[in-house]
Amino acid sequence: MRAIAVSEYGATPAPVNLPRPEPGPGEILVKMIAAGVNPLDWKIADGMLKDSLDVPFPLILGQDGAGVVDEVGEGVTRLRHGEQVYGAFLQAERGLGSYAEYAIARDDGPVAKMPEGMIYTQAAAVPTACTTALAMVEEARVDTGQTVLVVGATGGVGQGLVQLAARAGAKVLATARADMAGTMRRLGADETVDHSKGDLNRQVLAVHSDGIDAVLDVVSDTPAAEHLAQLLRPGGTYVSTTWSVNPDAMEARQLRGVNYDGEPSAALLDRLSDLIDAGELRVRVEREVPFAEAADALAGNRAGGARGKTVIRI
Ligand SMILES: NC(=O)c1ccc[n+]([C@@H]2O[C@H](COP(=O)([O-])OP(=O)(O)OC[C@H]3O[C@@H](n4cnc5c(N)ncnc54)[C@H](OP(=O)(O)O)[C@@H]3O)[C@@H](O)[C@H]2O)c1
């Protein structure tokens with residue numbers, strides 16, 4: 001089967017031909033139709049798992065994908081042959097990922113029936129970004145009447161955060177350069193602040209002089225997060241996907257700091273499917289590329305400036 005893989009950490013992702021994986025007991029084989037691109041993919045190619053996992057090479061890249069169940073292993077009871085599924089397919093310890101014609105998932109793993117109204121290229125954009133957004137909003141206990149700042153709002157996770165925080169009843173402030181301010185408002189942001197136009201704290205405090213209740217942040221490093229945390233009122237919460245908060249230091253200031261490290265799960269995916277089918281969550285696919293351009297798509301994601309999700313057609 002065709003796949004996009006790296007031959008070693010730090011190598012350029014390239015097309016390869018590899019044997020089709022066989023589903024073991026409790027596993028399904030999925031014929032992939034589309035794969036979603038995440039920063040995680042190039043971070044893994046760069047060696048993010050080097051010290052924590054023994055990984056075989058070539059290592060197929062990609063976590064997110066959508067496709068059709070092609071074979072089911074012994075003992076599979078939840079998912080059926082022919083079912084349209086989406087989810088997280090990375091199994092780095094076996095060298096397997098979603099940028100391939102076939103991928104493996106566990107029947108009890110992070111895979112679920114696709115949302116009814118979605119095509120494969122949309123569904124492949126959902127798993128990592130939207131399960132993260134859903135879990136972060138819950139981790140922050142976002143509630144009606146709160147004011148929440150989303151930092152990195154224009155990217156994959158951020159667009160989900162804006163919608164889900166607004167749905168939870170919060171007043172949402174979203175970071176956005178000028179070209180994305182309208183999109184952020186259409187997704188549910190009440191206000192936007194432009195991170196390319198100077199200090200965010202100054203911009204937020206100009207409108208919310210008594211501070212805000214939560215920061216949901218997918219971009220800041222530790223110094224930037226410490227600065228932004230000054231916006232929080234006592235009792236406020238800061239959730240970071242980039243592991244930039246010091247929970248003990250936050251607690252000493254009567255704040256809650258959470259470094260989010262969640263995993264997609266079938267339960268979260270089922271909840272996302274319900275939200276998507278109810279029209280309460282949208283996913284913006286910014287760029288769709290053919291398989292031959294997968295390495296470019298990954299390089300584009302690494303370069304930054306995401307305005308939604310990038311998807312590879314397998
Ligand atoms: N820990 C976890 O479990 C977990 C899960 C999911 C994702 N993540 C991580 O979370 C991060 C974001 O993921 P993603 O998929 O949302 O990335 P993405 O799609 O690439 O989006 C990043 C967005 O951040 C914006 N941005 C960059 N610098 C900014 C700044 N200083 N202030 C405000 N916005 C800024 C970018 O827009 P501009 O170019 O216009 O600035 C872009 O729209 C990645 O590092 C990813 O690895 C972690």
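This note goes through the sheet, the salt bridges, a charged surface patch and one buried loop residue of a predicted model.

1. On the sheet: three strands form an open sheet in the order E2-E1-E4, and their pairing is antiparallel. Strand E2 (14-17) and strand E4 (59-60) stand at the edges with a single partner strand each, so one side of each is left without a neighbour in the sheet. Strand E1, which covers residues 2-6, is joined to E2 by four bridges, and the two run antiparallel; within this pairing, Arg2 has Asn17 of E2 as its bridge partner.

2. On Arg2 and its salt bridge: besides its place in the strand pairing, Arg2 forms a salt bridge with Glu101, with the closest N and O atoms 3.8 Å apart. This pair links distant parts of the chain, since Arg2 belongs to strand E1 whereas Glu101 lies in the loop between strand E6 (84-88) and strand E7 (102-106), 99 residues apart. Arg2 counts as partly exposed because its relative accessibility is 32%, a value that falls between the limits of 20% for buried and 50% for exposed.

3. On the salt bridge between two helices: the structure holds 15 salt bridges, and one of them brings together the side chains of Arg302 and Asp46, at 2.9 Å from N to O. Here too distant parts of the chain are linked, with Arg302 in helix H10 (residues 294-303) and Asp46 in helix H1 (residues 39-46), 256 residues apart. Both partners count as partly exposed, Arg302 at 42% relative accessibility and Asp46 at 36%.

4. On Asp194 and Lys197: these two residues form a salt bridge in which the closest N and O atoms are 3.6 Å apart. Asp194 counts as buried, at 11% relative accessibility, whereas Lys197 is exposed, with a relative accessible area of 55%. Elsewhere, Arg20, Asp70 and Glu71 are joined into one network by salt bridges that share partners.

5. On the negative patch: Glu116, Asp270, Asp274 and Asp277 gather on the surface in a patch of negative charge. Of these residues, Glu116 is placed in the loop between strand E8 (111-113) and helix H2 (120-123), and Glu116 counts as exposed because its relative accessibility is 64%.

6. On Val126: this residue lies in the loop between H2 and helix H3 (127-139), and Val126 is buried, with a relative accessible area of 0%. Val126 and Gly36 are 90 residues apart in sequence, while their C-alpha atoms are 7.7 Å apart in space.

Technical notes:
Residues are numbered from 1 along each chain as its sequence is written. This is a predicted model: local features need pLDDT of at least 70, side-chain atom pairs count only at pLDDT 80 or more; totals for chains, interfaces and linings use all residues. Side-chain values use heavy atoms; hydrogens and water are left out. Patches are made of residues with over 30% relative accessible area and no salt bridge: like charges are joined within 9 Å, nonpolar side chains (Val, Leu, Ile, Met, Phe, Trp, Tyr) within 5 Å. Accessible areas come from the Shrake-Rupley method with a 1.4 Å probe; for residues, only the protein chains shown count as cover. A salt bridge is a side-chain nitrogen of Lys or Arg within 4 Å of a carboxyl oxygen of Asp or Glu. Lys and Arg count as positive and Asp and Glu as negative; His and the chain ends are not counted. The place of a charge is taken as NZ of Lys, CZ of Arg, CG of Asp or CD of Glu. Buried means under 20% relative accessible area, exposed over 50%, partly exposed in between (1.4 Å probe, protein chains only). Two strands pair if DSSP finds at least two bridges between them.
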